[in-house]
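New notebook page. I want to get to know this structure, going residue by residue and then stepping back to the whole chain.

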Amino acid sequence: MNDNKPLLRAYSIASPNCEEHLEFYSIKVPDGPLTSRLQNIQAGDHILIRPKPVGTLVFDALLPGKRLFLMSTGTGIAPFASVIRDPEVYEKFDQIYLLHTCREVEELRYGIDLVQSVHDNEFLRVLANGKLHHLPAATREDYKNTGRIDAWIKDGRLAKLADGDLTPEIDRVMICGSMAMLETLKEVCKTLGLDEGSNSMPGQFVIEKAFAE
């Protein structure tokens with residue numbers, strides 16, 4: 001609460017739906033109205049959470065497909081932390097590609113540790129074996145992978161990694177990140193012939209609108 005009013009922000013749930021706890025992934029903004037408080041919470045403190053989750057990054061908003069591309073920047077990887085730890089994703093898709101782009105290499109650590117935790121999990125590693133692929137990339141530091149996701153698509157590097165260009169027939173895409181990234185990749189998807197989906201009308205790609213609107 002802030003001056004007797006609730007201070008609310010949209011956060012993606014990073015924990016899989018089979019877990020009994022809620023996990024979130026956030027940057028720390030020193031002077032941010034909410035994060036300046038959240039980063040200092042202790043066990044026993046109280047926070048407010050609305051009872052009904054909303055969002056567009058759900059399987060029901062996508063048509064059946066063979067390859068799933070999870071495209072994220074920064075903390076936009078949070079919802080995909082849930083997706084790649086959900087056994088259902090490995091039943092619905094033959095290949096899952098987690099793309100995570102950050103400015104600095106250190107910011108990629110969460111995603112790297114996350115993917116490793118899937119491969120270390122006694123149950124998930126069997127499902128993810130040969131299916132889960134991770135592409136971490138930096139944009140402002142030297143790293144084994146560099147450049148934005150749209151550049152990887154346009155110059156053919158993603159097609160080389162995934163053994164084929166993105167096509168509306170077999171590929172499905174989930175996108176979460178900054179406003180600029182959402183708009184850029186939305187246009188890229190449309191150019192490739194992919195239609196945006198929703199819960200009422202599934203399509204070939206979806207973006208996280210909770211942050212975009």
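**Glutamate 23.** I started with glutamate 23, which lies in the segment before helix 1. Helices here (H or I, at least four residues) and strands (E, at least two) are DSSP runs, numbered from the N terminus. Before going on I noted that this is a predicted model, where local features need pLDDT of at least 70, side-chain atom pairs count only at pLDDT 80 or more, and totals for chains, interfaces and linings use all residues. Residues are numbered from 1 along each chain as its sequence is written, and side-chain values use heavy atoms, with hydrogens and water left out.

Is glutamate 23 buried or exposed? Neither: I found it partly exposed, at 22% relative accessibility. For the scale, buried means under 20% relative accessible area, exposed over 50%, and partly exposed in between (1.4 Å probe, protein chains only).

Next I looked up what glutamate 23 touches, leaving out residues up to four places away in sequence. The list reads Ser12, Ile13, Ala14, Ser15, Arg85 and Tyr110; contact means heavy atoms within 4.5 Å. I also checked a distance: the C-alpha atoms of glutamate 23 and arginine 157 are 33 Å apart, with their places 134 residues apart along the chain.

**Other stops in the segment before helix 1.** Lysine 28 lies in this segment too. I have lysine 28 down as exposed, at 63% relative accessibility. From lysine 28 to leucine 38 is ten residues along the chain, and their C-alpha atoms are separated by 8.5 Å.

Then I went back to aspartate 3, found in the segment before helix 1 (35-38). Aspartate 3 is not a glycine, yet its phi is positive, about 55°. Its relative accessible area is 69%, so I marked aspartate 3 as exposed.

What about the phi of asparagine 4? That one is near 65°, again a positive value in a residue other than glycine. Asparagine 4 also has its place in the segment before helix 1, and with a relative accessible area of 75% it counts as exposed.

**Arginine 109.** I moved on to helix 4, where arginine 109 is found. Arginine 109 is partly exposed, at 41% relative accessibility. Arginine 109 and phenylalanine 24 are 85 residues apart in sequence, but C-alpha to C-alpha I get 15 Å in space.

**Leucine 192.** This residue sits in the loop between helix 8 (179-191) and strand 5 (205-207). It is partly exposed, with a relative accessible area of 33%. Which residues does leucine 192 touch, not counting those up to four places away in sequence? I wrote down Ile153, Leu166 and Pro168. Lysine 5 is 187 residues from leucine 192 in sequence and 45 Å from it in space, C-alpha to C-alpha.

**The cores.** I looked for nonpolar cores, meaning sets of buried Ala, Val, Leu, Ile, Met, Phe, Trp, Tyr and Cys residues joined through side-chain atoms within 4.5 Å. The largest has 28 residues, and Leu68, Leu70, Ile84, Ile96 and Met174 touch the most other members. Elements giving two or more residues to this core include strand 1 (67-73), strand 2 (95-102), helix 4 (109-120) and strand 4 (171-176).

I picked leucine 70 for a closer look. Leaving aside neighbours within four places in sequence, leucine 70 is in contact with Phe80, Val83, Ile84, Ile96, Tyr97, Leu98, Leu99 and Met174. There is also a second, separate core of 22 residues, with Met71, Ala137, Leu158 and Val188 among them.

**The whole chain.** How many helices and strands does the protein chain have? I read nine helices and five strands. From the N terminus on, they run α-β-α-α-β-α-α-β-α-α-β-α-β-α. The radius of gyration is 17 Å, close to the 17 Å that the globule rule gives for 213 residues, so the chain is as compact as a globular protein of that length. That radius is taken over C-alpha atoms, and the rule is 2.2 Å times the number of residues to the power 0.38.

The C-alpha atoms fill a box of roughly 55 × 40 × 40 Å along the principal axes. Buried residues make up 40% of the 213. Among contacts between residues at least 6 apart in sequence, 70% join residues at least 24 apart.
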